[in-house]
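I opened the model with a short list of things to look up. Helix packing comes first, then the cores, single residues and the backbone.

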Amino acid sequence: MNASDRLRVVVTGATGNVGTSVVRALEREPRVASVLGLARRRPRLTVTKTEWAEVDLSLEGDEPRLAQYVQDADAVVHLAWAFQPTHDPVATWRTNVLGSVRVFDAVAAARVPVLVHASSVGAYSPGPPGGAPVSESWPTHGWPGAAYTREKSYLERVLDTFERDHPQTRVVRMRPAFLFKEEAASEQRRIFAGRFFPGQLFRPELLPLVPEIDGLRFQALHTEDAADAYLRALLRDVRGAFNVAAGPVVDAGTLAGLLDARPVRVPNAAVRGVLAAAWRLRVAPADPGLFDAVLRLPLLATDRARRELEWEPARTSVEALEAFLRGVRGGGGDATEPLAGRRIG
């Protein structure tokens with residue numbers, strides 16, 4: 001391959017859980033010449049082929065800088081996302097929805113050939129009775145009670161219009177299950193349990209019981225396997241949505257086995273009540289609406305990714321969760337502000 005044929009890729013949200021894995025996957029790919037990683041703050045992370053630039057997608061007036069960054073790009077991978085502040089949904093809307101629209105507008109103006117967008121299992125409407133896995137044709141209206149699912153769903157509608165108006169850009173929507181890796185565990189603990197929740201509590205001797213909640217069944221995937229799917233979608237001549245997830249399906253029994261604990265049935269209303277009280281008191285950052293959404297998420301059929309991307313996860317969902325638990329217990333992280341960790345012991 002000639003140097004002139006190799007790709008210049010721009011990655012938004014390049015310092016987060018998925019972004020750090022994507023830029024490293026691009027580093028290993030000979031068909032990629034260079035990567036520009038965009039983030040709100042320039043990281044200390046050094047990745048071959050990758051340069052860094054600062055941009056805040058929530059700010060009006062940063063459009064000229066964003067347009068400059070995507071000019072002459074062969075592909076844009078849009079990963080930037082803010083989970084907090086959950087008490088201010090306008091703030092997350094400004095970053096996640098309006099910021100994404102700014103990215104899409106810049107891609108359209110520069111006539112970038114490829115846009116790979118990070119959607120989610122959270123974009124889907126509640127799953128069918130019986131819990132059968134859904135394909136990419138399942139409706140994407142989300143769960144209205146949680147900001148995360150509302151925003152992911154809304155962007156699906158925005159991309160519908162984008163694809164109609166800009167057919168010259170090949171658009172791919174990645175819809176992964178929950179993504180875990182050891183280096184992102186500290187960030188995820190801060191996002192969902194709060195920065196003061198001690199990771200050491202996830203040790204088996206301190207968690208003898210795991211609540212068994214009606215409807216709590218979900219899929220997980222190691223972030224490195226998700227990054228591999230993103231890379232394949234970028235390089236192959238494919239369009240549309242791809243579900244990516246690993247087996248087995250995770251439930252209370254799976255979690256109990258990981259923690260060497262015993263599952264104990266707890267009424268959903270009681271769990272939600274505790275979560276809602278903690279959120280109102282600002283003890284825990286996770287919105288109780290997200291709990292409602294998780295109980296309604298469909299399971300994902302991954303046939304299309306396996307067929308058209310020739311993608312297979314290298315790790316099981318249990319292995320992905322084991323990596324997360326190692327990171328939480330050890331305070332692991334990476335050399336970026338979102339993934340900053342604290343080693344323990």
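**Entry 1: α2 against α3**

I began with the residues that touch. Glu63, Leu66, Ala67 and Val70 of α2 meet Arg102, Val103, Ala106, Val107 and Ala110 of α3. I sorted this contact by class and got seven nonpolar, no polar and two charged residues. I note here that the model is predicted.

Next I took the geometry. Two packed helices are described by the angle between their axes and the distance between the axes. Helix α2 spans residues 63-70 and helix α3 spans residues 89-110. Their axes come within 9 Å and cross at roughly 50°. α2 and α3 are therefore oblique to each other. I checked the hand of the crossing of α2 and α3, and it is right-handed.

**Entry 2: α7 against α11**

I turned to another helix pair. Helix α7 covers residues 252-259, and helix α11 covers residues 317-330. The axes of α7 and α11 come within 11 Å and cross at roughly 50°. That crossing makes α7 oblique to α11. The crossing of α7 and α11 is right-handed.

Which residues make the contact between α7 and α11? From α7 I list Thr254, Leu255, Leu258 and Leu259. From α11 I list Val318, Leu321, Glu322, Leu325 and Arg329. By class, I have six nonpolar, one polar and two charged residues in the contact of α7 with α11.

**Entry 3: the nonpolar cores**

In soluble globular proteins, nonpolar side chains tend to be buried together. I looked up the cores with that in mind. How many residues does the largest nonpolar core have? The count is 37. Val11, Leu26, Met174 and Tyr230 have the most contacts inside this core.

I then asked which elements give two or more residues to this core. The strands are β1 (7-12), β2 (32-39), β4 (75-78), β5 (114-118), β6 (170-176) and β10 (240-244). The helices are α1 (17-28) and α6 (223-235). α6 gives the most, with seven residues.

I followed tyrosine 230 outward, leaving aside its neighbours within four places in sequence. Tyrosine 230 is in contact with Val18, Val22, Val77, Leu79, Val116, Ala118 and Met174.

I also found a second, separate core of 26 residues. This second core includes Val76, Trp81, Ala110 and Leu155. Ala110 is also one of the α3 residues that meet α2.

**Entry 4: isoleucine 191**

Isoleucine 191 sits in helix α5 (residues 185-192). Is isoleucine 191 buried or exposed? I read a relative accessible area of 12% for isoleucine 191, so I log it as buried. Outside its neighbours within four places in sequence, isoleucine 191 is in contact with Phe83, Gln84, Pro285 and Ala286. I took the C-alpha to C-alpha distance to phenylalanine 83. Isoleucine 191 and phenylalanine 83 are 7.1 Å apart in space and 108 residues apart in sequence.

**Entry 5: glycine 37**

Glycine 37 belongs to strand β2. Its relative accessible area is 0%, so I log glycine 37 as buried. Setting aside neighbours within four places in sequence, I find glycine 37 in contact with Val11, Ala14, Thr50, Glu51, Trp52 and Ala53. I also took a distance to alanine 256. Glycine 37 and alanine 256 are 219 residues apart in sequence and 38 Å apart, C-alpha to C-alpha.

**Entry 6: backbone**

Most residues other than glycine have a negative phi, and most peptide bonds are trans. I looked for exceptions.

- The peptide bond from glutamine 84 to proline 85 is cis, with omega near 10°. I place proline 85 in the loop between β4 and α3.
- Glycine 247 and proline 248 are joined by a cis peptide bond, and omega is about -5°. Proline 248 lies in strand β11 (residues 246-250).
- Aspartate 72 has a positive phi, near 70°. Aspartate 72 is in the loop between α2 and β4. With a relative accessible area of 61%, aspartate 72 is exposed.
- Glutamate 310 is not a glycine, yet phi is positive at about 50°. I find glutamate 310 in the loop between α10 (303-308) and α11.

Technical notes. Residues are numbered from 1 along each chain as its sequence is written. This is a predicted model: local features need pLDDT of at least 70, side-chain atom pairs count only at pLDDT 80 or more; totals for chains, interfaces and linings use all residues. Side-chain values use heavy atoms; hydrogens and water are left out. Axes are lines fitted to C-alpha atoms, for helices over the stretch in contact, and angles run from 0 to 180 degrees between N-to-C directions. Helices (H or I, at least four residues) and strands (E, at least two) are DSSP runs, numbered from the N terminus. Angles under 35 degrees count as roughly parallel, over 145 as roughly antiparallel, 65 to 115 as roughly perpendicular and the rest as oblique. A crossing is left-handed if the near helix is turned anticlockwise from the far one by less than a right angle, and right-handed if clockwise. Contact means heavy atoms within 4.5 Å. Ala, Val, Leu, Ile, Met, Phe, Trp, Tyr, Cys and Pro count as nonpolar, Asp, Glu, Lys and Arg as charged, and the others, Gly among them, as polar. A nonpolar core is a set of buried Ala, Val, Leu, Ile, Met, Phe, Trp, Tyr and Cys residues joined through side-chain atoms within 4.5 Å. Buried means under 20% relative accessible area, exposed over 50%, partly exposed in between (1.4 Å probe, protein chains only).
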